[in-house]
Amino acid sequence: VDNGDSTAADARGPGLAAPAAEAATTGAAAAVLRERREEGEEYVVPRLRRLLGRTAEEAHIDGSRASSLADGHALRAKGTLKEQDALIELVISLCETHTPKEAFGKLEQWVDEHRLRPHRSTLRRLIPTIGDFFTPLPLTAALREYDTLTGLSKRIYVPPNFAEVRHCLNLAQVAASAAHNVRLVTFDADGTLYEDGETLKTHDKANKRMINRLVALLRAGAHVAIVTAAGYPGEAARYEERFRGLLDAFLEEGLSEAETRRFLVLGGECNYLLQYNRDAHALEFVPDEEWQPESMRCWDPEGVEWMLDRAQAALELHAAELRLPVNVIRKERAVGVVPTQSFVIYELFEELCMRTQADMEDATTSAASEGMNLPPYCCFNGGNDVFFDIGTKALGISALQDFIGGARPAESIHFGDRFTLTGNDNHVRSNAAICWVSSPLECHFFTGFLLKRWIAAKTKETGEASAEGGSSENNTVHA
């Protein structure tokens, strides 16, 4: 997969002359270099090095000092509460008594065990809230690949940090998803495809790299969906405005009608589905009866209003208690608050979200005991706001899987940046594999890795079919 923005010098990193360095190495060191190249360093290492450099540059970190894989500016700017995950914390704790290789090897075995007997597994005992794993996780192989740059398995005194464990889990999951013939690739918008507050409305240099990835996925045969909390009922033009650069790229790159029909936008978590019409060069709403399950179409409008009223009251009350001046935004199936001041401490958003979550859990549980049939919901910290939405991304992705012909969770993967307890990507874990990124730079890296592995798997499959005398359609893709 060629991302179109690399050079030989870039791949070596600043100040590293590869030929001279290699000439100076002999014996065991040269053997290590050869082994790393054989293990796939040509993709992971140079791109990880560039990812580090760009992250440091965007965070205004002096390039003369060493960079850390925990330097993600999004994580630092938004507080350590964005780094919450019981599974990752388990791996970090294991490394207190095990080597990283032993810890990841043990987790790989536990995942296999959990997939066979989820209710009595070791992981269930260690993490009672653990969900499902839809594919195996080749963590030992992922660590070996990641190790070529980080030297993680060779470290004795410095344990892996949160970001490093997350990266290894991502590499393992993306490799597994590629091997399972991924059919549906979904993306959060803000903080994943583009920085918070930005859009894909222009096909400029800042967006081009990510747009090229989405185009490549469509060409490879995947259904690609942007799943966003933004809800604009009846206003397709507002979604078009957010993604205009991507839509224009469909024409510029000459995508076929079949390829562009595989692009979808799911708005309001799960409430509004739009599909691209190539002839009109526009997004069009898909009628509810063509994609929504019966349970969604039967939501009681009075119950929806009842929930929104109580959520709004909770948000306003707790914002006042926290002395956080806000404006209230009320929509058809969502209500949220946006601060009126330019700077807000991230932990205040977390507190406001958690208080509202607790209030709504009490209110809906009490209402259900009285016979009210209420729809699912999510209350989440958006980073710059706190919203309560009717519906969840999990419900939306389940509907998308049915809409495209019954994609299984193992054939689906969701890229997002908010998988914590206050994030709206967290619900997706029950319906699809996940890739947890901290920035668009990471999203670009891991989607490139997915394309490389997936295309390689399809090429191998085609070659085997040809060798057996079978036939297969041409799956060649230029990413």
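Let me start at the hairpin formed by strands E3 and E4, where four residues lie between the two strands and where Gly268 takes a positive phi near 60 degrees. Please keep in mind throughout that this is a predicted model.

Staying with this hairpin, E3 covers residues 263–267 and E4 covers residues 272–277, and the two run antiparallel, joined by four bridges. Within that pairing, Gly267 has Tyr272 in E4 as its bridge partner.

E3 also has a partner in strand E2, residues 223–227, and here the pairing is parallel, again over four bridges; in this pairing Ile226 stands opposite Val265 of E3.

Is E3, then, mostly covered or mostly open? It is mostly covered, since five of its five residues are buried. In a regular strand the side chains alternate between the two faces of the sheet. For E3, Phe263, Val265 and Gly267 are buried on one side, while Leu264 and Leu266 are buried on the other, and both faces are covered.

Let me turn now to a pair of helices. Two packed helices are described by the angle between their axes and the distance between the axes. For H9, residues 139–150, and H10, residues 162–179, that angle is about 125 degrees and the axes are 8 Å apart, and the two helices are therefore oblique to each other. Their crossing is right-handed.

Which residues meet there? From H9 they are Leu139, Ala142, Leu143, Tyr146 and Thr150, and from H10 they are Glu164, His167, Cys168, Leu169, Leu171 and Ala172. Sorted by character, the residues of this contact comprise eight nonpolar, two polar and one charged.

Methods. Residues numbered from 1 in each chain as written. Predicted model: local features only at pLDDT ≥ 70, side-chain atom pairs only at ≥ 80, totals over all residues. Heavy atoms only, no water. Axes fitted to C-alpha atoms, helices over the stretch in contact; angles between N-to-C directions. Parallel < 35°, antiparallel > 145°, perpendicular 65-115°, else oblique. Left-handed = near helix turned anticlockwise from the far one by under 90°. Contact = heavy atoms within 4.5 Å. Nonpolar A, V, L, I, M, F, W, Y, C, P; charged D, E, K, R; others polar. Buried < 20%, exposed > 50% of the residue type's maximum accessible area, 1.4 Å probe, protein only. Pairing = 2+ DSSP bridges.
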